[in-house]
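Here's a quick look at the two ligand sites in this model. Have the structure open while you read.

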Amino acid sequence: MSKSIGLSKDKNWWRQAAVYQIYPRSFADSNGDGIGDLKGVTSRIPYLQSLSIDAVWLSPFYPSALVDGGYDVDDYRNVDPKLGTLADFDEMLAELHKVGIRVYVDIVPNHSSNLHVWFKEAIASEPGSKARSRYLFRDGKGVNGELPPTDWVSHFAPSAWTHESAMGGKHNQWYMHWFAPEQPDFNWDNREVHDEFLKTLKFWADRGVDAFRIDVAHALKKDLSEPLRNLNVFEGLEERGAKGKGILADRDEVFAIYKEWRNLFNQYDPPRVAVAEANVHPERLPLYASTKTLGQSFDFRFIDTPFEATAYKESVQDALRLAAKNKSSCTWTLSNHDQIRHATKMGLNPAVDRRSWMLTDGTSHPLDKASGTQNALAASLFILALPGCTYMYQGEELGLHEVTDIPEDRIQDPQYLRNLKVDKGRDGCRVPLPWKKSGTSFGFGTGSAHLPQPNWFGDYSVEAEEKDSLSALSIYRKALEIRKGLVTEEKLKWHKTGNSSVLHFSRPNGWHCITNFRAAPIAIPKGELLISSHPLQGGKIAAGTTVWFKKEKK
Ligand code: GLC
Ligand code: CA
């Protein structure tokens, strides 16, 4: 039985929290329909508690046709009937709070779905109408308006514009969508849109939600001055640079929105917090993470940092420097629902082009699963010891690998379906979790799983790993438990190691962390050994291992 401990009173709980991301459709299925649901989450609270996490972040569970895994929201203030009800949400929240786990919900303010009542109204209305002004409708180019208004490219489809006729519109306009056509972008120059989102944030905050993850937080404000300008390329991070001069994203005007949100957050006790998913130049991150705006932003650099000492150290130094700019805390993350699982990345030769490899169903180059999981654990213990907040993704605590061979007819992700099949997409990290060694859907539910689980999933199941004190799950549990007692001032000191493949840092309370990336086994310094991500070899720290130890301060 889970023990009731309630929430701490600490207003700064988020600064160094361990946050666990739940992708609700793939976590646990309570009614056997193959789709994970909120009651499934509630049923697994003892498991979440066994991870000693401070919070969970739930990816969208709102009504949605699932064109983009739920990031196409039909109704921001409701629960998808496939996933449960608002009463199920309240129950889940209350039960999580009882055991001291806070809750983040995902807010998707850049776009709704095409099934949102506002978009349906817009499509049915006249050009120039109030209903259309909530989205980005424009006349097309060409003699009869048969060409899109600009050359803007979307993330998923070739063009960021779709003619309204595709959605049943009877006029001759185009609407903009930075993602799939079923994800029309809101017009954030319209006050009504601001008010609607304040209402949504208040709705969840009043229910007791502690924090928000803000989807594509950089894209709300665009340069819509007429004539709209062509871009010639997909406007990515490189094109936008560090100046806040993007056309489609990362414009300074966006912060006025977040200042309004901050005023709302501060009306709560403790103040609500938010973390920005802002895919921007690192120098811009502090603007999103300011105490006057969202308070925190994801720093995704470890997702692409090679598992290598110099690169890891540089990443840490730079992130610390940026966080110091606005007194926010650092955030560390190795995986999420958009990325190839990091155990897999770390088990592949770094020279392999992962995108092409995925397109061959993971057959073009060998994957060393054992060393991938081992390095992944070493990386996790490294980032868990750093000052700041860690965001983990469901399944990484099992050392789980990417599913690379989902058959084409089972793929759900528009990143694959819309990208002319040049990208295998993100379903491989969204396959329902294995809870049991065998049986229907490996214990995910009593029915099947909405994405196919491979046979090897059982070896990574909670059931299998729980019995093994050296498994990824056992190491995570132990590390997260002791981390709770170790979290201290947000400072770090590097120690010389005399080895370019070994990093050693400590925190002000004598908590030390050493990672041997690729070197021959190294001796372990004097002190109390707290945990090792991989068994010591002859008393030494082998390559692909992180150890924590405690040294009393002199
Ligand atoms: C974010 C989400 C991703 C989604 C996109 C569009 O990047 O993490 O899953 O596809 O936004 O909402
Ligand atoms: Ca279900």
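## The calcium site

Let's start with I35, which counts as buried because its relative accessible area is 17%, under the 20% cut-off. This model is a predicted one, and in it I35 gives its backbone O to the calcium ion (ligand 2). The other protein donors are D29 (OD), N31 (OD1), D33 (OD) and D37 (OD), and the donors lie 2.2 to 2.4 Å from the ion.

Along the chain, the donor residues follow the spacing D-x1-N-x1-D-x1-I-x1-D. D33 comes out as partly exposed because its relative accessibility is 39%, which falls between the 20% and 50% cut-offs.

## Around ligand 1

Now for the other ligand. Ligand 1 has 14 residues around it, and the closest are D68, D215, E277, H337 and D338. By type, that shell splits into seven charged, four nonpolar and three polar residues.

What about the space ligand 1 takes up? That space is the largest pocket.

## Polar contacts and burial

A few side chains reach oxygen atoms of ligand 1. For E277, a polar side-chain atom sits 2.7 Å from a ligand oxygen. Two histidines do something similar: a side-chain N or O atom of H111 is 2.9 Å from an oxygen of ligand 1, and for H337 the distance is also 2.9 Å. How much of ligand 1 does the protein bury? On its own, ligand 1 exposes 310 Å², and the protein buries 95% of that.

Definitions and conventions. Residues are numbered from 1 along each chain as its sequence is written. Chains are lettered from A and ligands numbered from 1 in the order in which they are written. This is a predicted model: local features need pLDDT of at least 70, side-chain atom pairs count only at pLDDT 80 or more; totals for chains, interfaces and linings use all residues. Side-chain values use heavy atoms; hydrogens and water are left out. Donors are N, O and S atoms within 2.8 Å of the metal (3.2 Å for Na, K and Ca); water is not among the atoms, so sites may look incomplete. Buried means under 20% relative accessible area, exposed over 50%, partly exposed in between (1.4 Å probe, protein chains only). A residue is near a molecule or strand if one of its heavy atoms lies within 4 Å of it. A polar contact is a pair of N or O atoms within 3.5 Å; within protein, one must be able to donate a hydrogen and the other to accept it, and residues adjacent in sequence count only if both atoms are side-chain atoms. Accessible areas come from the Shrake-Rupley method with a 1.4 Å probe; for residues, only the protein chains shown count as cover. On a 1 Å grid over the protein atoms alone, a cavity is a set of points where a 1.4 Å probe fits but cannot get out, and a pocket is an open set with protein on both sides within 12 Å along at least five of seven lines; lining residues have an atom within 4 Å of a point. A molecule sits in a cavity or pocket if more than half of its atoms lie within 2 Å of its grid points. Ala, Val, Leu, Ile, Met, Phe, Trp, Tyr, Cys and Pro count as nonpolar, Asp, Glu, Lys and Arg as charged, and the others, Gly among them, as polar.
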